[in-house]
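Good morning, colleagues. Please turn to the structure on the screen, and I shall take you through its confidence, its overall dimensions and some of its helix contacts.

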Number of protein chains: 2
Amino acid sequence: MTIKPLNLITTKLSPLTTMVSILILIILAFYSFHFPHSHSLKHPNKSTTFQSLFLSSSSNSTISSYLRTLTMHPHLAGTKPNSNTALFVLNHFTSLNLKSHTTSYNVLLSYPLHSSLSLHLTNGSFINLPLTEPSEPSEPGSDVVHAYHAYSPSGSVYTKAVFVNYGRDKDYETLGVDVKGCIVIVRKGGGLGRNTVVEKAEKNGAAAVLIYNDENDTWRNGFERGNVMKGVGDPVSPGWGSVDGSERLSLEDNEVLERFPKIPSMPISANVADAILSSLGGNLVPFEWRDTLNLKDKGVISHVGPGPTMLNFTYLGEKKIATIQNVFAVIKGSEEPDRHVLLGNHRDAWTYGAVDPSSGTAALLDLARRYSILLSSGWKPRRTIVLCSWDAEEFGMIGSTEWVEQNLINLGSKAVAYLNVDCAVQGPGFFVGSTPQLDNLIREVTRKVKDPDSKGVSVYETWAASDGEDNIQRLGRVDSDFAPFVQHAGVPSVDVYYGKDFPVYHTAFDSYNWMAEYGDPFFQRHVAVTGIWGLLALRLADDSILPFDYLSYANELQLYRDKLSNVLDQKISLLPLTTSIKEFALAAKEVDGELKELRLVETSGQFVDMKRRAMNDRLMLTEKGFLDGDGLKGKQWFKHLVFGPPNDAEKLDFFPGIADSTTRSSGTSEKETPTEIQHEIWRVTRAIQRATSALRGEFT
Amino acid sequence: MTIKPLNLITTKLSPLTTMVSILILIILAFYSFHFPHSHSLKHPNKSTTFQSLFLSSSSNSTISSYLRTLTMHPHLAGTKPNSNTALFVLNHFTSLNLKSHTTSYNVLLSYPLHSSLSLHLTNGSFINLPLTEPSEPSEPGSDVVHAYHAYSPSGSVYTKAVFVNYGRDKDYETLGVDVKGCIVIVRKGGGLGRNTVVEKAEKNGAAAVLIYNDENDTWRNGFERGNVMKGVGDPVSPGWGSVDGSERLSLEDNEVLERFPKIPSMPISANVADAILSSLGGNLVPFEWRDTLNLKDKGVISHVGPGPTMLNFTYLGEKKIATIQNVFAVIKGSEEPDRHVLLGNHRDAWTYGAVDPSSGTAALLDLARRYSILLSSGWKPRRTIVLCSWDAEEFGMIGSTEWVEQNLINLGSKAVAYLNVDCAVQGPGFFVGSTPQLDNLIREVTRKVKDPDSKGVSVYETWAASDGEDNIQRLGRVDSDFAPFVQHAGVPSVDVYYGKDFPVYHTAFDSYNWMAEYGDPFFQRHVAVTGIWGLLALRLADDSILPFDYLSYANELQLYRDKLSNVLDQKISLLPLTTSIKEFALAAKEVDGELKELRLVETSGQFVDMKRRAMNDRLMLTEKGFLDGDGLKGKQWFKHLVFGPPNDAEKLDFFPGIADSTTRSSGTSEKETPTEIQHEIWRVTRAIQRATSALRGEFT
């Protein structure tokens, strides 16, 4: 025998033993070649090794340098500086040897051409009010766009000003003054979206709207830009991706017209607001408003108007088709390449956008760097990972929405989850939102990531010790790119961020310097967000059985039912809803048992690839059950009946269809009210039944 | 060594060789146990063996005996005799050791309580006209339901009769006589559904409608029962399965009311029609109608009325909630149990229903018998096979529709195909309809099944030699249970039958005796249908790669585009549609290449289970691309934009949304017309783009 025995085998071997051993090895090799999947079964801990490598590869300095580059110039969607950021992101991906590409859309954006605002006092004098922040010497230039509301119509008004507090229905009632033909001054904070504020002013006959943010004392020269469009996505391609050569509705089409307000509006700074409001006569500010005014304003604002001061306000804007770019890096899965974990962040900003969104973009770039380290170390994710850099979020989630609409059919069965980061860091404190089947995964992952602000503890520990304990928000809001994924496509989603309500939101002060001075001086919060984001994706991409827990979803639904029963009339029956939730909880429990069994079989090394795939398909499909083809009444693009935007978020922030029916009903005849609410309860009931059906995976 | 060497091995073995051999066997056994899938790879011809066994197990005598039993009594949906057939089918499945179950729904059905019709001549005499067929001595009893139109409103009218030919718009124009307040007499055959006939009469001011069938000379005493409901499925649970405890709309709800006609109607026999029509005065029958009259009627019908003869017509019916039963047998798949091949046939009949539908039910029962033989011979289908016996099809595909609505979310990803047989045998000649990706499979399968009427040739050979060559119909009609599967759920489907336009359709003459004498004296046509049906399912359940061909679909779409370009105005651009079809064809070609490669890899024995699964998922999902969430305008339950019911099938029998927009536009202003048609073309374009996207399986 000339074949040297392998050193694994003890030395004193008979030729027989050797031959047999070699034969066995040959057979094993043959099988291994033909059944490559058996490999991964033998290395159950391989993926945790890569998770550790991912955690150890963090770096605050690379993130801060990415942020510096990204925030050199303001990068408004549809402008050259922003297509430069697209190129920067694409080049970064490419330089890391990640397969990358850009997907462009031609969409209707909106820019200011000219605006002016002057205050005309009764003595005949007038003051021209500023329309943007003072130039900051520390910033590279005053190339920031003037304060405006995207999609505001153009208009020119010379009329009296009137203060309407938050601009809610009850504020107009409290005011008790006719605002017809006036310019209403609204302060931010009543829980209404910008579009709704303008809509309500319009309904009350106002001629124009000026909105200011009095929530902080330091940056009172800041103007909070924003869009006032109703709904999300390109308004001239509602429901489909506006790719080259696709249908585009006319601007005169009713479906387009109803997306925009009819009266002009603009943001003003708190200082500008003070100048206007301090000059008003008329009734005294109602006591209940006064009480909540910013301390600085309490001495300044005493009367609500209208007038006697007059405002001369002109806004001239243009809506035009512009090209936007989403940039992607794709890390193809080795075993299930057709299952995708999507990580997304928008790239466009109103100004320099250091917080919003470049802190998230910097995190995304660092994530890519760290994943490329894993790849060079032999990591082959089981499923495909896609890094997404969205454009035109600030104009109404347009980049992500167009992509979701274009890819809806494949998203339906091939997207495992969408992980969103918008403003990665606004300040201290961990915040997270998710669809409830991911709650436990979030808890597990945050236990593995260091708290950026306290030594020796995990993000989870600080979070769990905070006021809301380990409170997880839900994703019914329409304020970032998770909205199309959750509310239109039914993809399980997460949204992660540090800090909240940062004072320079959408102003020219949202710069690298602000971040370095106030938001995250050591960039460790960035590191924490990147760690959580990346680890969530690693688990979702590599766990052979998806880490979804529907018991958590069932509990959440039960909680909503209980809240609902406190709000609704006794005449409305919650029985169908209660029953459907019970049934869903039962299915979740059964599946929990199945999963445990499947994991056991897996550990014992049996061949279960197809079984796992079938189970994962069920876990993925379940979220789609909550979608309803007809969508929410009056806003049918929103298909999710558990999480979506209610017309009045103050009342109920879940089951938006039911919430709206209770709002609508206050005003209609007594006979109709319960029928409509009951019908919406039935619709949610059936959504939960569909989810149950998907979770069980059985035909009746 | 006491172990006896296996006789596979030659006799002169050294102990060493023996030991090695045994070791190899042990290792192989170990692997085989842990990787059970490898079995099927090593027996690629096993499934053809079972196909041969299936074909050789045919029996015309069992089918005829099943049919005898099924047609002993009339079995109208919602009645005791029909729940007896449910039990019979269930017991049959159970006796074959098939896992079976029943799914019940409570739905709104409609039955006659009282009706009368008399002819009042100018001389004062009157004749009471028969309302049902004469009792047949050969039949077990006169327990057949009186002729009626399900969902007709009740009403009583004493007025003049008027003949309106087929009751089409152009017939009323040709007639040139005011039919207001009259009872219109309509003959069947103008291409309009019953509901549309009544709707048009209502629009013209008629008080009631009587419909007769003059298409045959022999059974002129037959009354063609039917329903006059608009749309399909339970009218009080539109869009959801009406299971126990689910929401039920009020009969006063607009959505319910618009499903029913406002004027009463009833079927009459050709003889009754003759009695009425021969007594009419007024204008002569227009020449163009006269020409197409039944020969027997040419001498009888000379004037159109109105009057002078009067008719006294009363119909009193009741709509009531009744329980219906779908019966299922499930043969669980061994490797992909979560992928389902569905075979369906309805069970309820207007009368004895020997053709409609019991010939299909008998075929289903025999299919079950033959599958159980395969199972005892060791057959383990790769995917799950479900045999479905639907209820209440005659009332508007209610049993299948409720089930499809209830299971929609799982059907979306887990149904491979739906294979329908309604009237299995109406007479000679093979007919088939399908969604186009199944065309080739149908051709392959019909080559394997013997022609029942010519010795030595296959069904395919006779079919291909017939007039229409191997013509395959499409499934845009709403006249059997494939409608919800194709048009609501987007499941690839087939519909198979022998013979067409049988003369005793929906009459009391549709009995076992009629079948044995005229329809299929030797029951060999039943055998052929069962063979094709069963073999289609075997291929779809056992082929490791689904036998779907999208090149055929691309060709069909191209054909439709060409037809459309001949019909439409030059101002309408077909470019988007043309481009989308080209792109779809390209994707189909690429996939064709991928499939060939995958089959090659498979033959070489490599492990490709996950790859096949991913490819099959794409092939299944593609059909769903043609669905549009918003559905057809004005009939939004119908989601398929390629196959569905146009308002006027004479013009275009594909792209129903486009077809309807051209119909709607004839009448509206010139400016609006092209916009609406163009928008519908865009919608179809996007549907084809979605299908392309699903077929490619890639995100953009």
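Helices and strands, as I shall use the words, are DSSP runs, with at least four residues for a helix and at least two for a strand, numbered from the N terminus. On that basis, chain A has 24 helices and 14 strands. The radius of gyration of chain A is 28 Å, close to the 27 Å expected from the globule rule for 700 residues, so chain A is as compact as a globular protein of that length. Its C-alpha trace spans about 115 × 65 × 55 Å along the principal axes.

I should stress that this is a predicted model. Its scores are ipTM 0.90 and pTM 0.92. For chain A the average pLDDT is 91, and 91% of the residues score at least 70. In residues 1–11 of chain A, however, the pLDDT is below 50, and this stretch has six contacts in the model beyond near neighbours in sequence. A further stretch of chain A, residues 32–44, also stays under 50, and there the model has ten contacts beyond four places in sequence.

I turn now to helix packing. Two packed helices are described by the angle between their axes and the distance between the axes.

Let us begin in chain A with helix α4, residues 60–70, and helix α12, residues 354–376; their axes come within 8 Å and cross at roughly 130°. An angle between 115 and 145 degrees counts as oblique, and α4(A) and α12(A) are therefore oblique to each other. The crossing of α4(A) past α12(A) is right-handed. On the α4(A) side, the contact is made by A:Thr62, A:Ile63, A:Tyr66, A:Leu67 and A:Leu70, while the α12(A) residues include A:Ala354, A:Ser358, A:Asp366 and A:Arg369. By class, the residues of this contact of α4(A) with α12(A) are eight nonpolar, four polar and two charged.

The second pair in chain A consists of helix α15, residues 439–446, and helix α19, residues 524–542, which pack at an angle of about 125° with their axes 10 Å apart. That angle makes α15(A) oblique to α19(A). Here, too, α15(A) passes α19(A) in a right-handed crossing. A:Leu441, A:Val445 and A:Thr446 in α15(A) meet A:Ile532, A:Leu535, A:Leu536 and A:Arg539 in α19(A). The contact of α15(A) with α19(A) comprises five nonpolar residues, one polar and one charged.

In chain B, how do the axes of helix α3 and helix α19 cross, and at roughly what angle? Helix α3, residues 46–56, and helix α19, residues 524–542, have axes that come within 10 Å and cross at roughly 165°. That makes α3(B) roughly antiparallel to α19(B). Their crossing is right-handed. From α3(B), B:Ser47, B:Phe50, B:Gln51, B:Phe54 and B:Leu55 meet B:Gly531, B:Gly534, B:Leu535, B:Leu538 and B:Asp542 of α19(B). The residues of the contact of α3(B) with α19(B) are five nonpolar, four polar and one charged.

Finally, some points of backbone geometry. The peptide bond from A:Gly307 to A:Pro308 is cis, with omega near 5°; A:Pro308 lies in the loop between α11 and β9 of chain A. In chain B, a cis peptide bond joins B:Asp356 and B:Pro357, with omega about 5°, and B:Pro357 lies in helix α12 of chain B. Lastly, A:Met397 has a phi near 50°, a positive value in a residue other than glycine. A:Met397 lies in the loop between β11 and α13 of chain A.

Methods: Residues numbered from 1 in each chain as written. Chains lettered and ligands numbered in written order. Predicted model: local features only at pLDDT ≥ 70, side-chain atom pairs only at ≥ 80, totals over all residues. Axes fitted to C-alpha atoms, helices over the stretch in contact; angles between N-to-C directions. Parallel < 35°, antiparallel > 145°, perpendicular 65-115°, else oblique. Left-handed = near helix turned anticlockwise from the far one by under 90°. Contact = placed C-beta atoms within 7 Å. Nonpolar A, V, L, I, M, F, W, Y, C, P; charged D, E, K, R; others polar. pLDDT = per-residue confidence, 0-100. Rg over C-alpha atoms; globule rule 2.2 N^0.38 Å.
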